[in-house]
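Work through the exercises below with the model open beside you. Try each task before reading its solution.

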Amino acid sequence: MVGIIIASHGEFAKGILQSGSMIFGEQEDVKAVTLMPSEGPDDLRAKLQEAIASFSNQDQVLFLVDLWGGTPFNQVNNLFEEHKDKWAIVAGLNLPMLIEAYASRLSMESAQEIAAHIIDTAKEGVKVRPEELQPKEAPKAAEAAAPVNTGKPGHFDYVLARIDTRLLHGQVATSWTKTTNPDRIIVVSDNVAKDNLRSSMIKQAAPAGVKAHVVPIEQMIKLAKDDKHFGGTRAMLLFETPQDALKAIEGGVPIKTLNVGSMAHSAGKVQPNTVLAFDQNDIDTYKKLENMGVQMDVRKVPSDSRDNLDAIMKKAQDELNKQKNN
């Protein structure tokens, strides 16, 4: 695996490392190296060497630095000179760049290949509102020529169906999109379909190269039954609640596995772990889905180990029973 060193002035490197872990999960062979106000170039160089020495593969190292020409870059560059045939440096660090580097390590074994690949993502991560301030760019020839559909001809290829109160957010737009490679992200929700602002924000949050849609549940059922116009499309479905997912599946949307990512706490719900909150209706809905043969994949991000939904719901049921008896 390619090792990654994030280097910066001050605590920036540590902060963006934490942000990356929140979105993509904890990563092996990734180190943050910081230059603090009381330190000099030699101190930073020693930190860099210590970080490199901790990697399982020191032949392939990618350095993501904050500023071209700054002290972190200069010290990295001094080390790089002896390994320029394999190592790589990318300056202008931002979060999209880091997430793309993490995702690229799943399929790329060269630091220089990853470095070349993440540049476009880093640039695309810089956006502005109002949108008319955003510079207009011509579509890339490769993207214009790329086929839209890559799955089974004549039918949707459902690459992921996820329950997440937050719908299309960072973890979905980066880690899940990179691992499932959808052509379209479809938010299936009656409530969101009625909310023009939320619908607009979801469509704008779609990662580059992926189209985002918001459709009512009945519309999704119709599309699933007659998807000849979407033949081969790799579709990611996002549901706000398990009730919405149940309605869609009962209506004929052929989902066999549900990824359970996040259920926000609200009045009347109990929270047996840090990301899932339940009321009695939620528990009953999940049990009905399980009885229908739907498999449950409880993970925030692809790199997480899978949790046992039945065990989590048992704890939630016990807490609800206590509330009821008090």
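**Ground rules**

The model is predicted, so local features need pLDDT of at least 70 and side-chain atom pairs count only at pLDDT 80 or more, while totals for chains, interfaces and linings use all residues. Residues are numbered from 1 along each chain as its sequence is written, and side-chain values use heavy atoms, with hydrogens and water left out.

**Exercise 1. Two backbone exceptions**

Task: Find the place of aspartate 29, then state its phi. Do likewise for proline 130 and the peptide bond that leads to it.

Solution:
- Step 1. Aspartate 29 sits in the loop between helix 1 (12–24) and strand 2 (30–35). Helices (H or I, at least four residues) and strands (E, at least two) are DSSP runs, numbered from the N terminus.
- Step 2. Aspartate 29 is not a glycine, yet its phi is positive, about 55°.
- Step 3. Proline 130 belongs to the loop between helix 5 (111–124) and helix 6 (141–145).
- Step 4. The bond from arginine 129 to proline 130 is cis, with omega near 0°.
- Step 5. Set both against the background: most residues other than glycine have a negative phi, and most peptide bonds are trans.

**Exercise 2. Helix 2 against helix 3**

Task: Describe how helix 2 (residues 41–53) and helix 3 (residues 71–80) cross, and list the residues that meet.

Solution:
- Step 1. Their axes come within 10 Å and cross at roughly 55°. Axes are lines fitted to C-alpha atoms, for helices over the stretch in contact, and angles run from 0 to 180 degrees between N-to-C directions.
- Step 2. Helix 2 and helix 3 are therefore oblique to each other. Angles under 35 degrees count as roughly parallel, over 145 as roughly antiparallel, 65 to 115 as roughly perpendicular and the rest as oblique.
- Step 3. Pro41, Leu44, Arg45, Leu48, Gln49 and Ile52 of helix 2 meet Thr71, Pro72, Gln75, Val76, Asn78 and Leu79 of helix 3. Contact means heavy atoms within 4.5 Å.
- Step 4. Sort the contact residues of helix 2 with helix 3: seven nonpolar, four polar and one charged. Ala, Val, Leu, Ile, Met, Phe, Trp, Tyr, Cys and Pro count as nonpolar, Asp, Glu, Lys and Arg as charged, and the others, Gly among them, as polar.

**Exercise 3. Helix 12 against helix 13**

Task: How are helix 12 and helix 13 oriented, and which residues meet?

Solution:
- Step 1. The axes of helix 12 (residues 280–291) and helix 13 (residues 309–325) come within 10 Å, crossing at roughly 150°.
- Step 2. That makes helix 12 roughly antiparallel to helix 13.
- Step 3. From helix 12, Gln280, Ile283, Tyr286, Lys287 and Glu290 meet Leu309, Asp310, Met313, Ala316, Gln317 and Leu320 in helix 13.
- Step 4. The residues of this contact divide into six nonpolar, two polar and three charged.

**Exercise 4. The domain contact**

Task: Place domain 1 and domain 2 on the chain and give the area buried between them.

Solution:
- Step 1. Domain 1 covers 1–123 and domain 2 covers 155–323. These bounds come from an automatic or database domain assignment.
- Step 2. Their C-alpha centres lie 34 Å apart.
- Step 3. Each side gives eight residues to the contact.
- Step 4. About 620 Å² is buried between domain 1 and domain 2, with 64% from carbon and sulfur atoms. Buried area is the accessible area (1.4 Å probe) that two parts lose on being put together, summed over both.
- Step 5. In domain 1, Ile23, Phe24 and Glu100 lose the most area to domain 2, together 55% of what that side buries.
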